[in-house]
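Open the model in your viewer and show the side chains as sticks. This tour goes from one charged pair to the next.

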Amino acid sequence: MWSRIKPRKMYSRLFLYSCIAVCLLTLAFTMYLSRLFVQSTMEEINTSNQDKMQQVVQTSEFTLQKLRQFALRVYSEENIALWLNMNRDNYSPLSLYKAAASVREFVHSEPFIHSICLFNFKMNQIYSSSEAGLYTPQDYYDQSMLNGIKSKGTTPYLQFFDHNVQGKSYLALVVPAAGPNRNYSGYVTILFSKPLLNEHMLQISGQDQKKMIVEDPNKAFILGNADAELASELAKAEKPASASSRWEWATDEGTWSIQTAELPIEGWKVYLLSPISAWQAKIDRIRIDIIVSSVVLVLALLLFLFWQSYRRLKPISDLTARLQSKLGLKEPIADSAHADNEIAWLDSSFDRLVGRLEQLDMSLKSSKALIKDDLLRQWILSSKASGPAEQFIRKQTVILRTGTFRIAVIRLESYGRFTEYYDFTSRKLLRYALGNMMAEVLANHEFAAETVDFGSDHIVALISSSASDDEEARVLEAMEDVRVQIRRWLKLELQAAVSPELDEGSNLQPVYDRIYELTLLAFLCDEDRVFTMGDLERYQAGEGSVPDEQLLKQAIHTVRLRNADALGADLDSLTRHMQGLSYEECKLQLTHIIYSLMKSFKNGKTFQGMKSIHAFLERFSTIGEVKVWLLQELLQMMDQQRPRSGSGRKEEFVSEMMEFVRNHLHNPMLSVDDIAEHVSISVNYARQIFKEHYQLSLSDYITDQRIKYAIHLLTTTDWTVADITEQSGFQTKSTFFSLFKRATGMTPGQYRLEKAKL
């Protein structure tokens with residue numbers, strides 16, 4: 001049945017299948033999303049209510065205990081205690097004045113207090129702070145409080161209770177408590193404002209949709225923002241057995257979600273009532289929005305799928321039909337069950353092509369080739385190659401064939417412009433092409449060479465020495481030919497430099513740094529040639545002509561921090577003393593400053609195209625003009641170095657960071673700071689975008705790559721574990737063992753044995 005009605009054309013059939021799949025998936029996803037949203041919303045509301053309830057309980061216990069302590073302080077205050085215990089024999093009007101003053105101070109110091117009353121039954125006198133007057137028991141306005149104190153038992157010991165005075169409700173406290181077996185002649189009663197307690201202690205207001213109800217042990221409504229009717233219904237309602245559970249309660253006003261808690265000291269119960277109907281209306285609106293959005297999305301996807309199927313897949317159907325008409329029974333697929341599948345006709349040919357590409361890729365990126373590149377890079381960046389690394393380089397390269405060799409560097413001018421207009425992959429291919437051309441041109445001049453890419457603006461070549469008398473001239477000629485050929489075919493301008501002969505025990509790190517610095521000499525002089533180590537001595541600042549290096553480093557640091565406000569002040573400090581120098585000394589110092597900035601920001605494009613600093617400075621007539629120009633260029637450099645927010649640029653940063661990590665795994669001091677400086681972004685931004693794209697911290701990625709590289713060496717070489725530890729960049733053998741076992745569950749020796757059995 002289905003075989004009769006299904007479309008015969010592949011693009012129509014795929015469109016039909018896509019429609020069914022999209023509709024079913026969208027329906028399931030919409031239902032799941034709606035359910036997940038409702039569940040998440042309810043959980044979030046309940047969690048919020050629980051947090052608020054917990055906070056209210058903690059705040060209430062703290063506040064009530066503080067008020068209780070405050071009441072004891074009032075009772076024990078010297079002037080108040082003196083008046084409370086005074087009788088008619090030692091009565092003094094001054095004592096009442098002092099007690100009243102102390103009461104006023106207490107009232108003003110505690111915002112929750114409405115009034116304080118002092119009872120002295122020996123003299124039958126009552127002082128009230130709210131009325132600021134003295135009463136007798138007969139004319140006292142709060143007879144209910146007076147009767148409660150005299151009845152000796154109606155007021156609990158240091159417990160708050162609800163009290164009404166002149167039609168208003170307050171929270172009251174009596175000190176000391178009036179009760180059985182207590183015979184006191186003086187009492188202090190304090191009335192606390194319920195609105196202030198509701199606002200500050202319970203953290204509620206009258207306009208809040210949520211209701212808070214606090215019941216005393218007699219289930220009487222004592223605090224909260226609910227009305228008396230709702231509190232009365234709640235007191236009569238049937239409640240769950242658990243005192244701290246969540247439950248629902250239906251009333252005429254709607255359904256409430258209730259969180260309960262207890263204040264154990266007071267014996268009160270606290271109820272937080274949240275209206276479910278208000279949440280449900282919002283949830284329903286959002287659920288409808290989700291469904292409508294899903295329908296619109298499905299329609300848009302179906303239109304897009306139809307357009308893509310017709311545009312992209314119809315040519316494949318036409319191509320398959322033409323192939324079938326040409327091939328006939330000689331179809332390129334072996335499985336006859338897929339003979340009616342148009343894609344299967346092309347799949348077999350693609351499989352063969354992919355297989356050949358994989359073989360080619362394996363031949364280009366064999367294990368030995370990868371190890372060779374890593375070891376050459378480590379050799380250049382380290383003081384000396386380790387034993388296994390040296391043996392490997394001897395066997396796999398001809399660099400150490402004669403015992404001596406040279407280091408050559410070619411640096412691409414205007415590389416900063418490439419970083420602005422070309423992505424990471426394009427720049428990597430460019431450096432790959434430069435390295436291949438350099439090695440091929442040197443081979444044409446009968447020099448064996450290995451090129452190394454450091455992921456920056458230059459390529460390094462290790463050139464085997466032939467020990468002939470005219471070798472230096474031949475090397476310079478070959479490097480000049482490298483420049484000519486690259487300029488001819490790639491239209492790129494290069495600067496090149498060559499080191500003197502080096503032996504296998506030489507420390508290559510400082511030599512490499514100096515040779516790279518030689519390629520920057522073109523900025524100092526307008527010479528277009530291959531530089532040698534002797535040229536480095538030509539640039540020597542005269543005595544008294546070197547600017548303050550500390551100020552220069554501070555200016556460079558300011559540019560890296562992108563502190564535009566401080567940059568102007570740094571340049572002023574750096575050039576202020578030049579006013580008293582001669583023209584040549586001033587020009588020499590400015591040359592040194594610009595040259596140092598070029599070396600520090602070699603990947604920027606601000607100074608690109610400047611052939612000679614000396615010639616460039618001729619256009620300015622004053623130091624102030626040079627300073628204004630330099631400030632503008634450095635501000636522009638700051639703007640160029642600001643991290644961009646585009647996802648493509650972030651992915652490019654991540655790719656560059658990953659390549660830098662792979663190229664420097666052997667360095668045990670490799671840090672996130674080094675990586676961030678390499679890509680010219682801040683450390684925090686480097687960590688952020690790497691974690692965002694790779695779902696792994698940058699530090700963990702470094703450790704992971706070191707473990708993988710160690711595993712690679714364990715399975716492809718016979719090096720000792722100590723040598724592998726060093727080559728993988730681990731500082732100590734114990735650290736390597738610990739991290740390796742955590743990652744694989746085995747020690748390095750056990751891992752090598754297990755792999756050897758396979």
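**A tour of salt bridges**

Start by selecting R529 and D535: their side chains meet in a salt bridge, 2.8 Å from N to O. Keep in mind that this model is predicted.

Now colour the two partners by accessibility. R529 counts as partly exposed, because its relative accessibility is 28%. D535 has a relative accessible area of 9%, so this residue is buried; the cut-off for buried is under 20%.

Next, select R483 and D528. They form a salt bridge, and their closest N and O atoms are 2.2 Å apart. Trace the chain from each partner. R483 sits in helix 14 (residues 471–490), while D528 sits in the loop between helix 15 (508–518) and helix 16 (549–561), so the salt bridge ties together parts that are 45 residues apart in sequence. Is R483 buried or exposed? R483 counts as buried, because its relative accessibility is 1%.

Stay here and widen the selection. Which residues are linked with R483 and D528 in a network of salt bridges? Add E480, R487 and E493 to see the network.

Move on to D453 and R431. Their side chains meet in a salt bridge of 2.9 Å, N to O. This pair links distant parts of the chain, 22 residues apart: D453 belongs to strand 13 (residues 449–453) and R431 to helix 13 (residues 424–444). Both D453 and R431 are buried.

Last, zoom out to the whole model. How many salt bridges does the structure hold? The count is 19. Among them are the R529–D535 pair, the R483–D528 pair and the D453–R431 pair.

Technical notes: Residues are numbered from 1 along each chain as its sequence is written. This is a predicted model: local features need pLDDT of at least 70, side-chain atom pairs count only at pLDDT 80 or more; totals for chains, interfaces and linings use all residues. Side-chain values use heavy atoms; hydrogens and water are left out. A salt bridge is a side-chain nitrogen of Lys or Arg within 4 Å of a carboxyl oxygen of Asp or Glu. Helices (H or I, at least four residues) and strands (E, at least two) are DSSP runs, numbered from the N terminus. Buried means under 20% relative accessible area, exposed over 50%, partly exposed in between (1.4 Å probe, protein chains only).
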